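This briefing is meant to be read with the sequence and the 3D view side by side. Please keep both open while going through the points.

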Amino acid sequence: MAEQALTAFPAPDGRATAPPASPAARALLPTAADGVELVAKFFRALGDPARLRLLEFLLPAEHTVSECVQHIGLSQGRVSVHLACLADCGYVQVRRSGRFAWYKVADPRVADLVMLARSLAADNAAALADCVRIPPDPPGGQDRLRPRHA
């Protein structure tokens, strides 16, 4: 299947183009430039290893911030910032109970997305490891202060 994706199709002017998307894929691809930006922002929210680890931790059950802190080993403040980003982007929901905030994955499709991403990354591990256009994460992960929704 990967070979099919790499097969070029001739355009009317003779240049090679990408294969046409399936009808289902065409229905999902945004047609407006701002739609593409929105999808890119959707993926940027997942571009931080700490946020991915939090999402994976929250997939099976809801957890408090303290449980998330214990699981990923970052400060409570950093975990709260990452959870707020995930909540603002619609990946997680928060439920307040007394002085505790419980976080859970907002949409079950997030599990499918994370598992598909893991599968694709595993299938492309060598290429991802050799990629020089995307720098490796700094030691300790990407957990550094950055603008909201970077």
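The points below go from the overall fold to the core, the surface and the charged pairs. The structure is a predicted model. The chain has 150 residues, of which 21% count as buried, and holds eight helices and five strands.

**Overall fold**

- Along the sequence, helices (α) and strands (β) follow one another in the pattern α-β-β-α-α-α-β-α-α-β-β-α-α.
- Among the contacts in the chain with a separation of 6 or more, 49% are between residues 24 or more positions apart.
- The chain has an accessible surface of about 10,700 Å². Carbon and sulfur atoms account for 62% of that surface.

**The largest nonpolar core**

- The largest nonpolar core has 22 residues. Leu55, Val79, Leu83 and Tyr91 are the members that touch the most other members.
- At least two residues of this core come from each of these elements: helix H4 (49-58), helix H5 (65-72), helix H6 (76-88), strand E5 (100-105) and helix H7 (109-123).
- H4 gives the largest share of the core, with five residues.
- What does Tyr91 touch beyond its neighbours within four places in sequence? Tyr91 is in contact with Phe42, Ala45, Leu46, Leu55, Leu86, Lys104, Val105, Ala106, Asp107 and Val110. Among these partners, Leu55 is itself one of the core members that touch the most others.

**Residues of helices H5 and H6**

- Cys68 is located in helix H5. Is Cys68 buried or exposed? Its relative accessible area is 0%, so Cys68 is buried.
- Leaving out residues up to four places away in sequence, Cys68 touches Leu54, Phe57, Leu58, His63, Gly73, Val79 and Leu83.
- The C-alpha atoms of Cys68 and Ser80 are 9.1 Å apart in space, while the two residues are 12 apart in sequence.
- Val69 is also a residue of helix H5. Not counting residues up to four places away in sequence, Val69 touches Leu74, Ser75, Gln76 and Val79. Val79 thus appears in the contacts of Cys68 and in those of Val69.
- Val69 and Leu54 are 15 residues apart in sequence, with a C-alpha to C-alpha distance of 9.2 Å.
- His82 belongs to helix H6. Its relative accessibility is 2%, so His82 counts as buried.
- The side chain of His82 makes a polar contact of 3.3 Å with the side chain of Arg51.

**A nonpolar patch on the surface**

- Which residues form a nonpolar patch on the surface? The patch consists of Val39, Phe42 and Phe43, which together have about 260 Å² of accessible area.
- Phe43 sits in helix H3 (residues 33-44). Phe43 has a relative accessible area of 45% and is therefore partly exposed.
- Phe42, a member of this patch, is in contact with Tyr91.

**Salt bridges**

- How many salt bridges are there? The count is three.
- Arg118 and Glu56 form a salt bridge through their side chains, with an N to O distance of 2.4 Å. Arg118 is in helix H7 and Glu56 in helix H4, so this pair links distant parts of the chain, 62 residues apart. Glu56 counts as partly exposed, at 26% relative accessibility.
- A salt bridge also joins Arg95 and Glu62, whose closest N and O atoms are 2.4 Å apart. Why does this pair tie together parts that are 33 residues apart in sequence? The reason is that Arg95 lies in strand E4 (residues 92-97), whereas Glu62 lies in the loop between H4 and strand E3 (63-64).
- Arg95 has a relative accessible area of 39% and is partly exposed. Glu62, at 26% relative accessibility, also counts as partly exposed.
- Asp107 and Arg109 make a salt bridge in which the closest N and O atoms are 2.7 Å apart. Asp107 counts as partly exposed at 22% relative accessibility, whereas Arg109 counts as exposed at 60%.
- Asp107 is, in addition, one of the residues in contact with Tyr91.

Notes:
Residues are numbered from 1 along each chain as its sequence is written. This is a predicted model: local features need pLDDT of at least 70, side-chain atom pairs count only at pLDDT 80 or more; totals for chains, interfaces and linings use all residues. Side-chain values use heavy atoms; hydrogens and water are left out. A nonpolar core is a set of buried Ala, Val, Leu, Ile, Met, Phe, Trp, Tyr and Cys residues joined through side-chain atoms within 4.5 Å. Buried means under 20% relative accessible area, exposed over 50%, partly exposed in between (1.4 Å probe, protein chains only). Helices (H or I, at least four residues) and strands (E, at least two) are DSSP runs, numbered from the N terminus. Contact means heavy atoms within 4.5 Å. Patches are made of residues with over 30% relative accessible area and no salt bridge: like charges are joined within 9 Å, nonpolar side chains (Val, Leu, Ile, Met, Phe, Trp, Tyr) within 5 Å. Accessible areas come from the Shrake-Rupley method with a 1.4 Å probe; for residues, only the protein chains shown count as cover. A salt bridge is a side-chain nitrogen of Lys or Arg within 4 Å of a carboxyl oxygen of Asp or Glu. A polar contact is a pair of N or O atoms within 3.5 Å; within protein, one must be able to donate a hydrogen and the other to accept it, and residues adjacent in sequence count only if both atoms are side-chain atoms.
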